[in-house]
Structure formats: C-alpha cells, structure tokens
Amino acid sequence: MRESFSFEPDNLIISGGMPAITTSIKLASGKVNRGELLAFVSIDQTTNVVTVAPINLSGEGVAKEPYCIAQHSIDATDSAQVGTAWLTGMFNAHAVILPESAKVADVYLACRKVGIFLNTAQQNPSA
C-alpha cells in the first residue's frame with residue numbers, strides 16, 4: 001500500500017540557504033504541534049534518542065532551554081511516541097509555537113546559541 005502525503009505551506013522554514021538538520025526525538029506524554037519549540041529532557045543511553053517536552057520558561061532546569069523545533073505534530077496522549085525535529089535552521093519567528101505567555105524575545109538568544117535562528121519572514125501568499 002502506498003501512502004500519500006500533501007503539502008501545505010505554513011511559512012515555518014524561511015530559508016533554503018541554511019540546511020535544516022533533523023533528528024529523532026521522543027515525546028513521553030502529551031501533544032506537540034509542528035513548529036513548537038521543544039526542550040531537552042533526557043537521552044536514552046542505548047539508542048541516543050532524546051526525550052523532549054514543550055519548553056517551559058517558568059520551570060526549573062533544562063526544560064527552560066531550547067533544544068529543537070518539532071518537524072511534525074506528535075500525539076503521545078496514550079503512550080510515548082517517536083518523531084522528528086529540527087536541531088538547526090532558519091525559522092519564521094511568527095510561525096514558531098511558544099508557550100502562551102512567552103515572546104520571541106524571551107528565547108531569541110538561547111535559540112541562536114543552539115543554531116535555531118528566528119527571523120521575520122514575508123507572508124507567503126499561497127499559505
């Protein structure tokens with residue numbers, strides 16, 4: 001059986017000039033959406049797959065530091081799920097999903113330090 005996919009521009013990635021490097025990630029519980037900024041939680045010593053969670057700027061420890069951006073939506077409501085995320089790349093600051101009370105300025109420098117570049121993009125008229 002052949003799977004079919006569709007593409008809908010969402011203005012998340014804004015530059016093809018910088019490679020967007022991906023990695024496998026694990027979400028232990030909850031849901032994340034494509035474009036959500038995620039934080040490092042732990043790494044599996046056997047598989048080297050990193051467990052992530054949505055960034056929590058008011059929390060303690062590593063959950064406050066940006067690690068990656070979800071490449072696809074992941075639903076781990078019933079059980080842990082593996083997905084993919086971008087470790088680096090140039091992204092539209094207005095399309096990246098942050099916690100409700102957070103602003104791009106709150107994470108801008110921390111994202112830049114790990115190779116996530118948040119910039120303003122012109123709206124794609126077909127998106």
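Tutor: Before any residue is discussed, one term must be fixed: buried means under 20% relative accessible area, exposed means over 50%, and partly exposed lies in between (1.4 Å probe, protein chains only). The model is predicted, so local features need pLDDT of at least 70, and side-chain atom pairs count only at pLDDT 80 or more, while totals for chains, interfaces and linings use all residues. Residues are numbered from 1 along each chain as its sequence is written, and side-chain values use heavy atoms, with hydrogens and water left out.

Student: Why is threonine 51 called buried?

Tutor: Its relative accessibility is 14%. The limit is under 20%, so threonine 51 counts as buried.

Student: Where is threonine 51 found, and which residues does it touch?

Tutor: Threonine 51 lies in strand 4 (residues 50–54); a strand is a DSSP run of E of at least two residues, and a helix one of H or I of at least four, both numbered from the N terminus. Apart from residues up to four places away in sequence, threonine 51 touches Lys26, Ala28, Ala39, Phe40, Val41 and Ser42, where contact means heavy atoms within 4.5 Å.

Student: Why is valine 104 called partly exposed?

Tutor: The relative accessible area of valine 104 is 26%. This value lies between the two limits, and therefore the residue is partly exposed. Valine 104 belongs to helix 1 (residues 104–113), and beyond its neighbours within four places in sequence it is in contact with Ala93, Leu98 and Leu118. The C-alpha atoms of valine 104 and leucine 118 are 7.9 Å apart, although 14 residues separate them along the chain.

Student: What makes the two faces of strand 8 differ in burial?

Tutor: The side chains of strand 8 (residues 116–119) alternate: Ile116 and Leu118 point to one face and are buried, whereas Phe117 and Asn119 point to the other and are not.

Student: How do you know that strand 7 and strand 8 pair?

Tutor: Pairing requires at least two bridges found by DSSP. Strand 7 (residues 81–92) and strand 8 run parallel and are joined by 4 bridges, so they meet the criterion. Asparagine 92 stands opposite asparagine 119 in strand 8.

Student: How many disulfides does a search of the whole structure find?

Tutor: The search finds 0 disulfides, a disulfide being a pair of cysteine sulfur atoms within 2.5 Å. Cysteine 68 has a relative accessible area of 0% and is therefore buried; cysteine 111, at 0% relative accessibility, also counts as buried.

Student: What makes a set of residues a nonpolar core, and which residues have the most contacts inside the largest one?

Tutor: A nonpolar core consists of buried Ala, Val, Leu, Ile, Met, Phe, Trp, Tyr and Cys residues joined through side-chain atoms within 4.5 Å. The largest has 15 residues, and those with the most contacts inside it are Leu37, Ile69, Phe91, Val96, Ile116 and Leu118. Strand 3 (37–43), strand 7, helix 1 and strand 8 each supply at least two of its residues. A second, separate core of 11 residues includes Val50, Val52, Ala70 and Ile74.

Student: How confident is the predictor in the chain?

Tutor: Confidence per residue is given by pLDDT, from 0 to 100. The chain has a mean pLDDT of 88, and 85% of its residues reach 70 or more.

Student: What pattern does the chain follow along the sequence?

Tutor: The pattern is β-β-β-β-β-β-β-α-β, with 1 helix and 8 strands. Of the 127 residues, 30% count as buried.
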